[in-house]
Amino acid sequence: MSEGLEYLGTAFGLIYLLLAICEQRICWIAGASASVIFFFVFLNSGLAAQAVLQVYYVAIAVHGWMVWGTVDDKTPVSKLPKRNHASLIALWALVSVGTVSVAGQLSNTVVWFDSLTSWGGVVATWLVARKFLGAWIYWVVIDTASALLYLSQDLKATAVLYGVYTALAAVAWYKWRQSSANSKAS
């Protein structure tokens, strides 16, 4: 059953990302669906932080749905100031270290990857919901690390999904960069 859920979550995850790349508001429905499914997949695999992250993803899907507006009121892609990136990365690192410390698992590599990728996902998803171009650079890094984490936990389909996510995040960055340039030219 868990493997079937993993494949179903993978399908919804791909649909989410392809729609997000094309700036389609409905991506958030597919994303929320994938997150509900992956909550159970990760819970059954012992990846607690990844499971909790899925709850956040559902909440941010609601936020993204609202922020992205309607078909007639398309939210433009924009850039986050560089100083804000430094603050986000510092916060990401501090919260990740704090999470691992509280868990008392300082020497556990899986817990480190779980924490870093989970909190990185929080940051990157918020950036996508706000349509900040730099979100996709974060995702390239996070998705690569996540694929390695999932492989270590024998979640092969999910690891492949995150490998594909890595490539698609690069495509998304390119497309959103074009969209940003086009909206400035208008």
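Let's start on the surface of this predicted model, where Ile26, Ile29, Val62, Trp65 and Met66 come together as a nonpolar patch. Together they show about 480 Å² of accessible area. Which helix gives the most to this patch? That would be H3, with three residues. Another member, Ile29, sits in helix H2. Ile29 counts as partly exposed because its relative accessible area is 46%, and partly exposed covers the range between under 20% (buried) and over 50% (exposed).

Now follow H3 itself, which runs over residues 48–67. You can check its length with a bit of arithmetic: at 1.5 Å a residue, its 20 residues should span 28 Å, and the C-alpha atoms at its ends are 29 Å apart, so the two values agree. Which of its residues are buried? Look for Gln50, Ala51, Leu53, Gln54, Tyr57, Ile60, Ala61 and Gly64. These residues cover an arc of only 165 degrees around the axis, so they lie on the same side of H3. Turn to the face pointing away from that buried side and you'll meet the exposed residues Ala48, Val52 and Met66. Met66 is also one of the residues in the nonpolar patch.

So what covers the buried residues of H3? The cover includes helix H2 (27–44), helix H5 (109–129) and helix H6 (135–152). Just past the end of H3, have a look at Gly69, which takes a positive phi of about 70 degrees.

Helix H2 passes the length check too. Its 18 residues, at 1.5 Å each, should span 26 Å, and its end C-alpha atoms are 26 Å apart, which agrees. The buried residues here include Cys27, Trp28, Ala34, Ile37, Phe38 and Val41. After H2 comes Gly46, and its phi is positive as well, near 80 degrees.

Next, go over to Leu5 in helix H1. With a relative accessible area of 21%, Leu5 is partly exposed, because only values under 20% count as buried. Leaving aside residues up to four places away in sequence, Leu5 touches Ile37, Phe40 and Val41. Two of these contacts, Ile37 and Val41, are among the buried residues of H2. Leu5 and Ala34 are 29 residues apart along the chain, yet their C-alpha atoms are separated by 9.6 Å.

Time for some charges. Side chains of opposite charge can pair when their charged atoms come close. How many salt bridges does the structure hold? There are two. In one, Glu23 pairs with Lys131, and their closest N and O atoms are 2.7 Å apart. Glu23 is in the loop between H1 and H2, while Lys131 is in the loop between H5 and H6, so this pair ties together parts that are 108 residues apart in sequence. Are these two residues buried or exposed? Both are buried. The other salt bridge joins Lys156 and Asp154, with the closest N and O atoms 3.1 Å apart. Here both partners are exposed.

Finally, find Lys74 in the loop between H3 and helix H4 (82–103). Not counting residues up to four places away in sequence, Lys74 touches Glu23, Trp68 and Lys131, and you've already met Glu23 and Lys131 as salt-bridge partners. Compare Lys74 with Phe39: they are 35 residues apart in sequence, and 30 Å separates their C-alpha atoms in space.

How values were computed
Residues numbered from 1 in each chain as written. Heavy atoms only, no water. Helix = DSSP H or I, 4+ residues; strand = E, 2+ residues; numbered from the N terminus. Expected span 1.5 Å × (residues − 1). Buried < 20%, exposed > 50% of the residue type's maximum accessible area, 1.4 Å probe, protein only. Arc of directions from axis to C-beta. Contact = heavy atoms within 4.5 Å. Patch = residues over 30% accessible without salt bridge, like charges linked within 9 Å, V, L, I, M, F, W, Y side chains within 5 Å. Areas by Shrake-Rupley, 256 points an atom, 1.4 Å probe, with all protein chains shown as cover. Salt bridge = Lys/Arg side-chain N within 4 Å of Asp/Glu carboxyl O.
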